[in-house]
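Here is a walk through one protein chain, written for someone meeting it for the first time. Have a look at the sequence and the model, then read on.

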Amino acid sequence: MSARTKDDLLAEAVRLREQGHPEQARERLLSLTASYPDAADVAYQTAWVHDVLGLEAEAVPYYERSLQGDGLSEEDRRGALLGLGSTYRVLGRFGQATETLRRGVAEFPDDGALRTFLSMALFNTGDHHEAMRILLRLIASTSGSPQVQRYRPAIEHYAADLTRTM
């Protein structure tokens, strides 16, 4: 198979997933990943379709493979870090979730979705203060609500230490 054929087949599998046919997409992606075991884009899409189907444990090795090296576009790398971190969290692997999502936030500090999922993983590890700090800062910086923006300085101040009192 040529690289063009791989890309065409991958695009077709992605279309199937997007159009609500994840089982068919999974079959095609498993075939593609057998032919192209080192292709990061194929591994990422294979992981994603497993997640869509509720097969999180099966998604993990594909996510991990997709993140080896630098074979993913920036957008797909963001998605793979979020997907792997979220999948670890769903599987109860909270330490790995936190580690993966911290890596994602370090690489993409402006990504609110990564920060949100990191806060969920931190909650699961019992680090409620850091989880709340992340969420409060995210709300303060991204909310379009005039009421939130009116109190933004106070929200950001309290986010630094919710236990502080007068």
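How many aromatic pairs does the count come to? The count comes to two aromatic pairs, and we'll get to know both of them below. Keep in mind that this is a predicted model.

**The overall picture**

Let's start with the whole chain. It has 10 helices and zero strands, so reading along the sequence you meet α-α-α-α-α-α-α-α-α-α. The C-alpha trace spans about 70 × 30 × 30 Å along its principal axes. Of the 166 residues in the chain, 37% are buried. If you look at contacts with a separation of 6 or more, 43% of them come from residues 24 or more positions apart.

On the outside, the chain exposes about 9,300 Å², and carbon and sulfur atoms supply 52% of that area. As for charge, there are 19 positive and 24 negative charges, and their mean positions sit 5 Å apart.

**Helix α3 and the aromatic rings**

Now for the rings. Tyr-44 and Trp-48 form a tilted aromatic pair, with 5.6 Å from centre to centre and 45° between the planes. Both belong to helix α3 (residues 40-52), and because they are four residues apart there, about one helical turn separates them. Their surroundings are not alike: Tyr-44 is buried, with a relative accessible area of 5%, while Trp-48 is partly exposed, with a relative accessible area of 32%.

Tyr-44 has another partner. Tyr-44 and Tyr-63 form a tilted aromatic pair too, at 6.4 Å centre to centre and 50° between the planes. This pair links distant parts of the chain: Tyr-44 is in helix α3 and Tyr-63 is in helix α4 (residues 56-66), 19 residues apart. Both Tyr-44 and Tyr-63 are buried. Put together, Tyr-44, Trp-48 and Tyr-63 form one aromatic cluster.

What about α3 itself, is it mostly covered or mostly open? Helix α3 is mostly covered, with 10 of its 13 residues buried. Among them are Ala-40, Val-42, Gln-45, Val-49 and His-50. From its first C-alpha to its last, α3 reaches 18 Å, close to the 18 Å expected at 1.5 Å a residue. Just after α3, Gly-54 takes a positive phi of about 75°.

**Helix α8 and its neighbours**

Further along the chain is helix α8 (residues 128-142), which has 15 residues. At 1.5 Å a residue, α8 should span 21 Å, and its end C-alpha atoms are 21 Å apart, so the two values agree. Its buried residues are Glu-130, Ala-131, Ile-134, Leu-136, Leu-138 and Ala-140. Which helices do these residues pack against? The buried residues of α8 pack against α6 (94-107), α7 (112-124), α9 (146-150) and α10 (152-160).

**Four residues to look up**

Here are four residues from other places along the chain.

| Residue | Place | Relative accessibility | Class |
|---|---|---|---|
| Thr-87 | helix α5 (residues 74-90) | 2% | buried |
| Thr-98 | helix α6 | 9% | buried |
| Asp-110 | loop between α6 and α7 | 72% | exposed |
| Met-120 | helix α7 | 28% | partly exposed |

Why does Met-120 count as partly exposed? Its 28% relative accessibility lies between the cut-offs, since buried means under 20% and exposed means over 50%.

The two threonines come with lists of contacts. Not counting residues up to four places away in sequence, Thr-87 touches Asp-51, Glu-56, Val-60 and Tyr-63. One of these, Tyr-63, is also part of the aromatic cluster. With neighbours within four places set aside, Thr-98 is in contact with Leu-118, Ala-121, Leu-122 and Thr-125.

For the other two residues, we can set distance along the chain beside distance in space. Asp-110 and Leu-138 are 28 residues apart along the chain, with their C-alpha atoms separated by 9.6 Å. Leu-138 is one of the buried residues of α8. Met-120 and Ala-59 are 61 residues apart in sequence, and in space they are 20 Å apart, C-alpha to C-alpha.

Methods. Residues are numbered from 1 along each chain as its sequence is written. This is a predicted model: local features need pLDDT of at least 70, side-chain atom pairs count only at pLDDT 80 or more; totals for chains, interfaces and linings use all residues. Side-chain values use heavy atoms; hydrogens and water are left out. Buried means under 20% relative accessible area, exposed over 50%, partly exposed in between (1.4 Å probe, protein chains only). Contact means heavy atoms within 4.5 Å. Accessible areas come from the Shrake-Rupley method with a 1.4 Å probe; for residues, only the protein chains shown count as cover. Lys and Arg count as positive and Asp and Glu as negative; His and the chain ends are not counted. The place of a charge is taken as NZ of Lys, CZ of Arg, CG of Asp or CD of Glu. The expected span of a helix is 1.5 Å times one less than its number of residues. Rings of Phe, Tyr and Trp (its six-membered ring) pair if their centres lie within 6.5 Å; planes under 30 degrees apart count as stacked, over 60 as edge-to-face and the rest as tilted.
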